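Hi there,

I'm passing a structure on to you, with some notes on what turned up in it. Could you have a look at it alongside the text below?

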2 protein chains.
Amino acid sequence: IANKDGLALKELLQELHFADIAEILEELNSDEATYLIKLLETELTSEALMEVDDDVREKILDRLSPKEIAAELEEMDTDDAVDMIAELDEDIQKKVIDKIVDEHHAADIVELLKYDEDTAGALMAKELVQVKETWTVAGCVREMRRQAKNVTRVHSIYVTNKQGQLTGRLSLKDLLTAGEKAHISDIFIPKVDYVTVHTENEEVARIMQKYDLEAIPVVDENGKLVGRITIDDIVDFIKDEAEKDYQMAAGLSQDVEADDTIWELTRARLPWLVLGLFGGLGSVYIMQGFEEALERFPILFFFTPLIAAMAGNVGVQSSAIIVQGLANDNVKGSLFNRLVKEVGLALINGSTLGLLVVIFGFIAGLDPLVGITIAVSMLSVIIVAALVGTFVPIILDKRGIDPAIATGPFITTSNDIFGIFLFFFISKLVLDF
Amino acid sequence: IANKDGLALKELLQELHFADIAEILEELNSDEATYLIKLLETELTSEALMEVDDDVREKILDRLSPKEIAAELEEMDTDDAVDMIAELDEDIQKKVIDKIVDEHHAADIVELLKYDEDTAGALMAKELVQVKETWTVAGCVREMRRQAKNVTRVHSIYVTNKQGQLTGRLSLKDLLTAGEKAHISDIFIPKVDYVTVHTENEEVARIMQKYDLEAIPVVDENGKLVGRITIDDIVDFIKDEAEKDYQMAAGLSQDVEADDTIWELTRARLPWLVLGLFGGLGSVYIMQGFEEALERFPILFFFTPLIAAMAGNVGVQSSAIIVQGLANDNVKGSLFNRLVKEVGLALINGSTLGLLVVIFGFIAGLDPLVGITIAVSMLSVIIVAALVGTFVPIILDKRGIDPAIATGPFITTSNDIFGIFLFFFISKLVLDF
């Protein structure tokens, strides 16, 4: 299709939704995609560009001139424009901004670029519908029609005082049902949730979810209304966070996808495997230290993968529950209570599993003392693994480190080593080899 | 606080947001919470009830009469009302529905109860703003005011033909700027995304995300507009799904939280640990089969936890990438290409790790042949683990089973067993013991 029959192609694609155009762009090679971007109306391509994968967008932008990029930005809401421009090199950023015709739009973008990446300031858009307390309903409707032109979707109408400070919001229903002469100050709702430009994204997501908001206004240090954040940005944020946590738990660094190159996938996977390898070599070293058991109790060495698996599984379970609890803000109560609970839980699980091991040992004709030793040391390993899995994330969180790094290979590897050492140590004490 | 000073308490809480009331309810015991629910206006408590944890809500509802529950339902949107009533026993459901005063509301609830849990029908609300093609703008505004009373938030205005079939949507902007006498058929947008009552939730979430929709209309088999789904329900759905996948990968069945009882946590954790235990016992059995290596190459047994860890880690990485890719619909290309890619990736990772093992063996003064044997068999284990991790989820997905169950303990355990067997098998071939 993409072989130069411009007009026919244009006609064909012009009718599609931007998300579908985005999917087509991802299937094409960079030159074809760039050709398509240049061919189609910026109104359509700007939205499609925001929708495609980061790496596809990067390649297309590389092939566009600053002026062409500026034309795309012109069509975007400020929040999307900032996201896109932030991906460019700084000197290209300047060139692109210079080429934006609408000065107001350019100034908004420059302002938003200033904010920290993880804060409401960087997430918000400048486009919103704002009315003053002092206006009448009739004046307000007139003004709203004007403002609405720049806003793709009207979520909420925010009310400000003379100084531009946020004082409340206006319901469309109330506006429709009020008399033409009524003043906004009579009908607006003075209670409104808001965040400041410095509020962290995670907190914004929490507030919007808790109160089921579809948009939230953003104010600066002086309470002045400067932007708004809409729920679609939060949906993307929540999904990204969930995927990041999931990948971290699976031992994948960086944001990888099934369709990335082998090289990208290797970079995401290999470091964690090397960590696991060193953990495994540590276990080799520990077992060499207990070599004297080889002669009398070789069965112990058959059980090491089982012990390592139990330590790993219990640790991952405990840490996953805590990491999710911390993210959802429902880890309450004292550390001591949590300690008691985890130990209790580990005792129940560990005893059940220990009993199964003893039964297995009996059936397999194992020396009962050896069977019981294995069961008891496994119980101890489970308790320790549960405590490590629970408290490492809590401690990390208290120190301001993302507790999610304590899930996955990190916790598995350290619990493997701990577990195997503890297993042989206790066995040595009981069996006296 | 909650000791009978009803009036003061009521005054204090009446001003709070329902989400804050919900937090308070979760802190109280069931009797106190029920007391509070009865004390406050249903307008406030109905929303708070939807916000609290399932188990807290269950306990409160147990203590309310059908009539009191009906009063709460009366205040809710139909989608929330259905979610709540679906949690009750069937005979109580009937009693509660009988007590709902608003017959129309009751009929809507009964209708929604019919749909499958995971489909758009069960997720949608009946509350929406609907206008007919044939109306004039003036008539439309009048009718909209009436309908808007039942709708908490107007997201979109849907346009239907005489038969009630969905034909398009109306932008508020166009409505505000059109003349009073214009007909809806002249100004409405005939293109609108929709789903049917039978569309699965996952598909609804995918469409709404792809097209950045904040609400989507739902039609029945005949194209008749019957409801709408709003983005806040999708946000909850996306979060629940992400948490479920995460928990499954961590070896937790059921929807557990850090604050659940020890019993609930045990039920979620123990089954997976037992699975791991049997896997471990399987390894014991395999190693007994290679017992003759104990005398000449005991070092092999020191390496089993490392082999198991590698097999487990690689398997989890591969499966996590595929499971996420399947969920996001970006696993493209033929199975053969994927096979080549995974093997290539495993070769790169495995060779690097194998080289490290050989170097370690050299430093530790290991027989070079043994070192190389371990490295080569580890490489084979990594390749097999990557293939299992990749193709098991794909096969499950093709058979309509949630591929997420193939992450976590399931894949780890089977890869442990496979890996250890393969390791000893190859070692036996090479070292000839």
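A cut-off to begin with: a residue is called buried when its relative accessible area is under 20%, exposed when that area is over 50%, and partly exposed in between. Asp397(A) has a relative accessibility of 34%, so this residue counts as partly exposed. Please keep in mind throughout that this is a predicted model.

**Surface patches**

Asp397(A) sits in helix 21 of chain A, which covers residues 368-398. This aspartate belongs to a negative surface patch, whose other members are Asp83(A), Asp116(A), Glu117(A), Asp118(A), Glu200(A), Glu202(A) and Asp402(A). Membership of a patch calls for over 30% relative accessible area and no salt bridge, and the 34% of Asp397(A) is consistent with the area part of that rule.

There is a nonpolar patch on the surface as well, made of Leu369(A), Phe421(A), Phe425(A), Leu429(A) and Val430(A). Together these residues have about 470 Å² of accessible area. Which helix gives the largest share of the nonpolar patch? That is helix 22 of chain A (residues 409-431), with four residues. Val430(A) is located in helix 22 of chain A, and its relative accessibility of 42% makes it partly exposed, because that value falls between the two cut-offs.

**How the two chains are related**

In general, a rotation about an axis and a shift along it relate two copies of a chain. Here, chain A is superposed on chain B by a rotation of 180° with 0.0 Å of shift along the axis, and the RMSD is 0.2 Å. The two copies are therefore related as by a two-fold rotation axis. Where does chain A have its C-alpha nearest the axis? At Pro305(A), whose C-alpha is 2.5 Å from the axis.

**Salt bridges**

As a reminder, side chains of opposite charge can pair when their charged atoms come close. Over all chains, a search of the whole structure gives 20 salt bridges. Here are some that you may like to display.

Within chain A, Lys38(A) and Glu68(A) form a salt bridge through their side chains, at 3.9 Å from N to O. This pair links distant parts of the chain, 30 residues apart: Lys38(A) is in helix 3 (residues 30-39) of chain A and Glu68(A) is in helix 6 (residues 66-75) of chain A. Lys38(A) is partly exposed, with 48% relative accessibility, and Glu68(A) is partly exposed too, with a relative accessible area of 28%.

Chain B has a salt bridge between Lys38(B) and Glu68(B), where the closest N and O atoms are 3.9 Å apart. Again the pair links distant parts of the chain, with Lys38(B) in helix 3 (residues 30-39) of chain B and Glu68(B) in helix 6 (residues 66-75) of chain B, 30 residues apart. The relative accessibility is 49% for Lys38(B), which counts as partly exposed, and 28% for Glu68(B), which also counts as partly exposed.

Another salt bridge is formed by Lys210(A) and Asp20(B), whose closest N and O atoms are 3.0 Å apart. This pair joins two chains, because Lys210(A) lies in helix 14 (residues 201-210) of chain A and Asp20(B) lies in helix 2 (residues 18-27) of chain B. Is Lys210(A) buried or exposed? Lys210(A) is buried, with a relative accessible area of 15%. There is also a network of salt bridges that links Asp20(A), Glu23(A) and Lys210(B).

**A few distances along the chains**

Leu355(A) belongs to helix 20 of chain A, residues 335-363. With a relative accessible area of 55%, Leu355(A) is exposed. From its C-alpha to that of Ile372(A), which is 17 residues away along the chain, the separation is 8.7 Å.

In chain B, Leu355(B) is part of helix 20 (residues 335-363), and this leucine is exposed at a relative accessible area of 56%. Its C-alpha is 46 Å from the C-alpha of Phe237(B), and the two residues are 118 residues apart in sequence.

Lastly, Gly139(A) is in helix 11 (residues 137-148) of chain A. Gly139(A) counts as buried, with 17% relative accessibility. Between Gly139(A) and Glu180(A) there are 8.5 Å from C-alpha to C-alpha, while in sequence they are 41 residues apart.

Best wishes

Terms used
Residues numbered from 1 in each chain as written. Chains lettered and ligands numbered in written order. Predicted model: local features only at pLDDT ≥ 70, side-chain atom pairs only at ≥ 80, totals over all residues. Heavy atoms only, no water. Patch = residues over 30% accessible without salt bridge, like charges linked within 9 Å, V, L, I, M, F, W, Y side chains within 5 Å. Areas by Shrake-Rupley, 256 points an atom, 1.4 Å probe, with all protein chains shown as cover. Salt bridge = Lys/Arg side-chain N within 4 Å of Asp/Glu carboxyl O. Lys, Arg positive; Asp, Glu negative; His and termini not counted. Charge placed at Lys NZ, Arg CZ, Asp CG, Glu CD. Buried < 20%, exposed > 50% of the residue type's maximum accessible area, 1.4 Å probe, protein only. Least-squares fit on C-alpha atoms with pLDDT ≥ 70 in both.
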